[in-house]
Amino acid sequence: MAWRFDREAGQGLKLISPTFGYVLVMLAAPLLMVITFSFWTQDYLTIDTTLTLDNYREAWTQPLYQVLMWRSLKISLIVTVVTVLLAFPIAYYLSFHVKKRKALWLFLITVPFWTSYLLRVFLWKVILGYNGVFNTTLMGLGFIEEPLTFILYNLNAVVITLAHAWAPFAILPIFVALEKIDRSLLEAATDLGDSPMRRFFRITLPLAMPGIVASTLIVLIPTVGDFITPRLVGGTDGLMISNMIQIQFGKANNAPLGAALAVSAMVVIGLISAGIFFAGKKLGGRVR
Amino acid sequence: MQDDKTPMIAIRDVVKKFGSFTALHGITADIREGEFFSLLGPSGCGKTTLLRTIAGFEPTTSGTIAIDGKNMADIPANDRPTNMVFQSYAIFPHLNVEENVGYGLKTRKMPKKDIAREVAEVLSLVDMEGYGKRKAHELSGGQRQRVALARALVMKPKVILLDEPLSALDKKLRDQMQVELRSLQRSIGITFILVTHDQEEALIMSDRIAVMFEGQIEQLDTPEGLYRRPVNKRVASFIGVMNFLSAKVTEQTDTHLTLDMDALGKIDLPRDRLGEDITPESIGTVGVRPEMLTVLFDQSDWSQNKVEGEVVDTEYYGDMTYYKVRLPGRDAPLSISMRNTAGRSVVPPGSPVTVGWGAESIVVFGD
Ligand SMILES: Nc1ncnc2c1ncn2[C@@H]1O[C@H](COP(=O)(O)OP(=O)(O)O)[C@@H](O)[C@H]1O
Ligand SMILES: [Mg+2]
């Protein structure tokens with residue numbers, strides 16, 4: 001299998017090489033710039049190019065940045081867990097219980113992509129707001145006396161909005177992993193005495209693990225860096241590290257500090273992702 | 001325990017429908033304890049479906065299946081005393097060989113130490129010692145097949161169900177595995193039900209064979225019974241090679257019939273040679289196996305009946321020669337197989353020959 005994987009990987013690389021070159025220019029170059037910046041200092045408009053670790057010192061010791069960093073991680077971890085937990089049953093249902101028109105269902109799942117992300121965020125504002133659909137409905141039905149305020153302009157709103165936005169991205173990898181499971185393996189487990197529940201934990205879940213890990217990373221990584229959602233629905237409680245990075249590059253005129261914060265966030269999320277990846281490999285995945 | 005009368009598996013009027021399509025049209029059969037039983041038939045005739053209803057993967061539309069005297073209607077697949085060797089082998093890819101083989105024992109909550117012992121035992125039984133730590137993708141097709149078999153054997157079920165277990169192997173390995181599987185089954189005495197579309201495989205391995213066509217069992221018999229006394233033309237041509245000749249009953253007595261056959265002429269047959277369902281009036285065809293016909297090399301060679309013909313084709317196989325011989329008054333040539341013995345040379349195409357045959361080799365079919 002090892003050689004086969006390598007060959008597959010080789011073919012894959014060949015296939016993506018033009019894209020790869022593009023990515024190199026469009027992604028790696030700016031990234032290098034950000035990293036370089038993080039070792040410089042800025043005083044209003046002048047940039048001092050002597051190398052220093054001051055930015056990192058500040059980024060890692062200032063309580064404000066620590067709070068924001070923790071909050072970002074917390075929010076994106078919650079979003080990830082919620083999204084993947086909701087995505088799994090949907091993907092499972094699609095793969096195991098939808099017999100006809102699977103393609104149609106998959107298509108429907110991607111429908112939210114038809115509107116811009118900003119529009120969708122604004123829609124959530126309309127739904128969750130003080131006089132929003134959600135509150136007026138509940139009040140109209142008499143469940144609540146006055147509008148709920150804990151659902152907008154705070155962490156909860158950020159979680160709901162992001163979980164909704166990323167759901168399709170989380171469903172698809174899990175769906176693909178489930179589709180790849182040879183159904184005779186499930187029958188074999190049943191044949192050897194497993195109840196449906198035991199079989200799920202011994203066969204289905206481990207074999208779906210690559211998809212679950214992929215979904216987790218696909219949701220986790222971008223949500224940490226999201227700054228639009230917290231800005232629009234997060235209030236002050238919902239602000240995240242990326243909002244601070246944006247401020248440093250903009251109003252605060254301290255691009256090197258912003259860069260140091262960005263690189264720090266990247267390293268932290270990189271480590272967490274690697275951890276998840278290997279944990280997933282270990283859990284399910286003594287597969288291949 | 002069962003007494004001698006209770007079959008290991010009693011299948012009664014089993015019907016299986018997929019929507020409007022009927023895959024099994026009322027199957028009835030008894031499978032005995034310790035028997036090597038085969039389901040033989042062309043692709044799509046419902047063999048796998050029948051096997052899966054026994055295993056509990058497909059509910060029957062009507063009819064009953066009892067295993068060891070116990071009706072299986074309400075018993076789910078995971079509680080049935082059967083284990084399956086899947087056509088694809090279905091080796092769990094995330095587990096190694098030991099974990100695969102021990103999978104079912106773990107479900108039974110057997111202590112780890114005992115599982116290890118049982119697994120080691122069964123792996124040596126299938127000649128796979130030392131492979132315990134390998135993953136499925138590190139095994140050859142033949143080895144996977146052995147692991148799949150070991151995984152079923154270790155459960156010590158009442159019945160092992162095998163769905164074309166050898167069809168993915170190359171010819172040489174398949175021949176070897178047929179013999180091994182057969183002798184393994186004899187030595188452990190578990191009832192085996194094998195699904196195959198390969199008539200030779202079924203003949204070699206089975207105690208009894210059910211020949212299926214289009215969701216029905218056409219004949220259930222021993223290999224020899226099937227070969228020598230096929231009940232109809234379809235079974236006859238599916239098992240081995242058969243020459244068919246049209247025939248009519250011309251005279252009848254209390255004990256005998258006189259048949260007038262295409263090209264071979266007239267013979268007398270005792271009435272008890274007819275199968276149960278065959279009346280003299282329904283007879284339209286007779287069959288004769290290629291090895292029951294003889295190419296006579298010398299005009300003076302003895303044979304019960306003789307007929308003159310011409311060799312139109314010769315296939316030489318070393319130990320055997322296959323002839324196609326045209327007889328006067330008949331378009332399709334007869335197939336004749338001859339064992340090559342010392343001092344007997346091959347007759348080239350175009351040569352006139354005498355074909356000898358005996359009345360006892362004629363199989364009579366109703367139409
Ligand atoms: N799940 C199913 N749904 C619909 N038709 C099926 C299903 N399984 C089998 N069949 C049909 O039943 C018939 C018998 O199939 P099968 O038992 O697999 O044949 P065999 O094993 O003898 O080749 C085939 O025509 C097949 O298409
Ligand atoms: Mg089949």
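Helix H1 of chain B gives the largest share of the shell around ligand 1, namely 3 residues. This is a predicted model, in which local features need pLDDT of at least 70 and side-chain atom pairs count only at pLDDT 80 or more, while totals for chains, interfaces and linings use all residues. Residues are numbered from 1 along each chain as its sequence is written, chains are lettered from A and ligands numbered from 1 in the order in which they are written, and side-chain values use heavy atoms, without hydrogens and water.

**Surroundings of ligand 1**
- Among the residues around ligand 1 (a heavy atom within 4 Å) are B:Phe18, B:Pro42 and B:Lys47.
- The shell divides into 5 nonpolar, 5 polar and 1 charged residues, with Gly counted as polar and Cys and Pro as nonpolar.

**Polar contacts (N or O atoms within 3.5 Å)**
- Oxygen atoms of ligand 1 lie 2.6 Å from a polar backbone atom of B:Gly44 and 2.6 Å from a polar side-chain atom of B:Thr48.
- An N or O atom in the side chain of B:Thr49 is 2.5 Å from an oxygen atom of ligand 1.
- Two elements of chain B, strand S2 (21-31) and helix H1 (47-55), each give two or more residues to this shell; helices (H or I, at least four residues) and strands (E, at least two) are DSSP runs, numbered from the N terminus.

**The sheet of chain B**
- Six strands form an open sheet with mixed pairing, in the order S6-S7-S8-S3-S9-S10; two strands pair if DSSP finds at least two bridges between them.
- The edge strands, S6 (82-85) and S10 (216-221) of chain B, each pair on one side only.
- S6(B) and S7(B) (residues 159-163) pair in the parallel sense over 4 bridges.
- B:Val85 has B:Leu162 in S7(B) as its bridge partner.

Technical notes:
Polar contact = N/O pair within 3.5 Å; in protein donor to acceptor, adjacent residues only side chain to side chain.
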